[in-house]
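Here are my notes on the model you sent over. Have it open beside you as you read.

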Amino acid sequence: MPRALVKVSNIDPTTRQITMRRSHPWINNFNEWLLTACRSNMGIKFIWSGNDAKALVYYMTDYVTKSTLAFYDMFALAQQGIKSIEHERISNSTDNIVDKSRKLVLRCFNMIASQQEVSGVQFDFDRTRCPGENNYGIIHDVHIFDVAREHHTTTIKEWKRDIEARRDETRNYLISGEDTLEVRDDETQIEVVGAEIPTSPIKTKATRVLLVTATNLVLFPTKQNIVKQFTLNTQQKYAFMIITSHLDGENHAYTDTIDNQLLMCIPGCGGTGKSQLIRAITKYFQVTKRDKMLRKLAPTSIAAAEIDGLTIHSFLGESRKNSKKKQTRHLKERRCRCLSNDLTCWPNASSWQRFNESIDGRLVSPKPSAAVCNYNLLNTDACVIATAQWTNASWRSDQVGAMQNHNWEKSSCSISSPNISCSQGSVPVLAVNATLSEHVQATVRMATVNNLRLVIKTTGHDYLGRSTAAGSLLLWLHFMTNMTLIPDFSSCTGENVLNAIRLDAGVQWGQVYTWLAQYNLTAIGGASGTVSATGGFLQGGGHGPLTRWKGLAVDQVLEFDVVTADGRRQTVNTCQNSNLFWTLRGGGGGTFAIVLSAVLRTFPSPSVLSSFNILTIANETRYNSFVHNFIHFLPTLADNGWAGSFYMADTSLVIIFLLPNGDLNVANATWNQLMKNNTDLNFMQPFILTFSSFNDFFLNVLAPFNPTGDNVLLGSRLIPETIVRNQPEQLAETFLRIKGKAGTSLIGHLVAGGQVSNMSNNNSVNSAWRTALLHMIYSQSWPDGTSDEEQQKLAAHVTSQVDILQTVSGGSQSGAYMNEANPNELNWQQKFFGTQQIYDRLKSIKQAVDPHGLFVCKNCVGSEDWSLDLNCPKMSSANKVSTTILLFVIMQFLC
Ligand SMILES: Cc1cc2nc3c(=O)[nH]c(=O)nc-3n(C[C@H](O)[C@H](O)[C@H](O)COP(=O)(O)OP(=O)(O)OC[C@H]3O[C@@H](n4cnc5c(N)ncnc54)[C@H](O)[C@@H]3O)c2cc1C
């Protein structure tokens, strides 16, 4: 609304109302002296309401001053300042009210300024308000101020001269050209002579603008109306006509290919009416029904609000001050997570309801896997099913709350000894059963905005318990199950890959093998058909029956489709997000991004020869001698292309080996070398089985061997090939020493060497894989109801068994496969990731892609920066130093 004009600025002593002199009733609050003093070309903004005040404070703190401190940090500091003043008042109450308020403002300023660099604007702003006042510690220099004022007066004059000069220049340009536009000073009529005019003196190439003539007035009578309505002065009208005529010309007159973009700069200091001009232009777009063509951008939010537009940064979808944001968000986000038992921060029911609506109602309430059999949550029918399916890994994958090894559920619910009050344990109370990328993105947003602990789960196979956490929000990807065959995949590097496959996050290896069998193809997956194809298995490396033949699963990745911690969906391959591509191939699940799908290589399915034997040898001495023979024989098997696993417990040995595309005669000859010295043992016949495809072998031999539903802890080591070849005696002795007794077993996987060693893929998988031949696992289980104390003893036992294993694995620098490892592993960074150097690189990429630690999981990259329960950030040493300095500074001010 127009405001009353006054000749001179004045303050009404009774109402304390300040009235500023302005040059025009429509122009915003403009006072050249204040502008000069502020060294600013912005209008002075009146603070009409609380919102205005907040916007202004935000504007000053977060934009104008380019402060390194966030808005809320400023408040905290200002509060410190107020407290210190109040403290002083108790001892010194002689100050009058003016001095007191000055002191207060200055103290607050000092508190804030002491924590940041003071910008020129801020410095001058302060000087303007309190010239010459240096008795409260602020650095003031009247001389400098005067010099600055002089300088700014000169600058204002220069602006004015510049505007005049440009106006004349433009007018002359138009007059001297073939086509002339005359702007009359009576501000009512615009007359155009000629057909083409250059629209800007800066543009030398003529740009056609539709004639602005009397005809135009007929065609677009609204122009004059708007000019009048917005009381545009001569310059404003001139600019308005150029722009609107150009607009009309584009729509109505242009048929040729002349560059029809109008680049026009309308300079002028604050209050000269630029915003008013924009409002008039906006009106014209509206009345001619072209408002959708208009985008109004401004560098600051206040300026944007003034013209009802957007800031340039939000229009471009970028944060305004990335570097600053990183710092402040870092402070903001790295705080203790909000858990479901904290009702002060956990979103309320209506927030969850809104969120649920936004994800197509896919919010579910997980329960521990045994809950339905316990008295407080009893569901008899469901309990019958749970009991029957307890050790079925597929059933467990289908339960949102279940982990394969239910010790990770940490619940008092039990299938074998039901409880009257079974607890939720570490099973999240809410989960998103995501089927679309949008669900995943919305979940990331929900977790970020509310500072929730987020966990990702696909199948719950994790041996480190990384896919569940008490009080968290669970993102469950199990039902993202698309599989697509890509006959001709063009990689970003130009490589053409035949029969690549894209597997969605929830796909499990058993499904892949069966699906690919129809195309006579196979892929490099796990021995377990229920482990997810693209989740933790793949991102941690992925070994399996065919890895010696073609390399680790992770060596087959061509591309990922992911949602990153900032909620963006991104393609990740060698060319795009290449750092993330490197980390996702070996750096571990749940750490860097949420994998929606992966593109993998496939291979024509091999035929498979398999040796499957269960030996139980009553005599311990005989058992030991056979184990020695067998370990000696492993290099021979490896050299002949065999792979497989063996399980040692008490005096039994189970052997499941396979040879892809093998020759039966050669295979028999190979195994005969072992058997000829052990004819007294009862080997199963036929000793070698033949399968026409890998899927046949998988369904008949491996699939039945997938037991879960136990409480389990593991520890493991990758055994270097040189040790297997050169020290088989020590190896056999060690295996016999730690082999399982009741509830334990020692598992050997001959899954490394061969192509695993030959692969030179540039990925982050533990380098110990490349030199290993065997992956040895010590496994410990225990029944429900085992006391905490006993469980701790078992955990310590696992660690000590692995220590023994380590003596034949290369000592302290040995490596372990993170996906099948001891959660209590010391020095896990080196063990799981190979070297400190690799770990450091992983961590720096982690910091870049997930600066606020949205993805935190046990023994995952960066998890050492969090408390044991991973809910609170530990203070880094850098933070500690700066906090100490901050405290010191605060104390200085308080004293
Ligand atoms: C019975 C059994 C058999 C096994 N057999 C093999 C085997 O043959 N070969 C082998 O190498 N390993 C095997 N493992 C180990 C297996 O690789 C790990 O348990 C692995 O973590 C499983 O990954 P998952 O996604 O299926 O499990 P989950 O428990 O669902 O997830 C494991 C980790 O990956 C994260 N994660 C899951 N999905 C995603 C995703 N889409 N994006 C980002 N992060 C994700 C989770 O947050 C978690 O940190 C076996 C485990 C069990 C229990």
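**Notes on the predicted model**

1. Starting with the whole chain: 51% of the protein's 895 residues count as buried. Keep in mind throughout that this is a predicted model. The protein has 32 helices and 24 strands.

2. On contacts and surface, take the contacts in the protein with a separation of 6 or more: 68% of them are between residues 24 or more positions apart. The protein exposes about 41300 Å², and 55% of that comes from carbon and sulfur atoms.

3. Now the ligand. There are 33 residues around the ligand, and I456, T458, T459, S467 and Y817 come nearest. Which elements each supply at least two residues of the shell around the ligand? They are β9 (454-457), α19 (536-540) and β16 (594-600). With three residues, α19 gives the most.

4. A few polar distances around the ligand deserve a look. The side chain of S467, a residue listed among those that come nearest, has an N or O atom 2.6 Å from an oxygen atom of the ligand. The backbone joins in too: a polar backbone atom of A527 is 2.9 Å from an oxygen atom of the ligand, and a backbone N or O atom of H543 lies 2.8 Å from a nitrogen atom of the ligand. As for cover, the ligand taken alone exposes 940 Å², and the protein buries 97% of that.

5. Next, S610, which sits in strand β18 (residues 608-616). Is S610 buried or exposed? S610 counts as buried because its relative accessibility is 0%, and the cut-off for buried is under 20%. A polar atom of the S610 side chain lies 3.1 Å from the backbone oxygen of F657. Leaving out residues up to four places away in sequence, S610 touches W642, F657, L658, F687, I688, L689, F691, F697 and V701. So F657 turns up twice for S610, in the polar pair and in the list of residues touched, because contact here means heavy atoms within 4.5 Å.

6. Last, a spot on the surface. L297, L310 and I312 make a nonpolar patch of about 210 Å². L297 belongs to strand β5 (residues 297-298). Why can L297 be part of a patch? L297 has a relative accessible area of 33% and is partly exposed, so it passes the cut-off of over 30% that patch residues need.

Note on methods:
Residues numbered from 1 in each chain as written. Predicted model: local features only at pLDDT ≥ 70, side-chain atom pairs only at ≥ 80, totals over all residues. Heavy atoms only, no water. Patch = residues over 30% accessible without salt bridge, like charges linked within 9 Å, V, L, I, M, F, W, Y side chains within 5 Å. Areas by Shrake-Rupley, 256 points an atom, 1.4 Å probe, with all protein chains shown as cover. Salt bridge = Lys/Arg side-chain N within 4 Å of Asp/Glu carboxyl O. Helix = DSSP H or I, 4+ residues; strand = E, 2+ residues; numbered from the N terminus. Buried < 20%, exposed > 50% of the residue type's maximum accessible area, 1.4 Å probe, protein only. Polar contact = N/O pair within 3.5 Å; in protein donor to acceptor, adjacent residues only side chain to side chain. Near = heavy atom within 4 Å.
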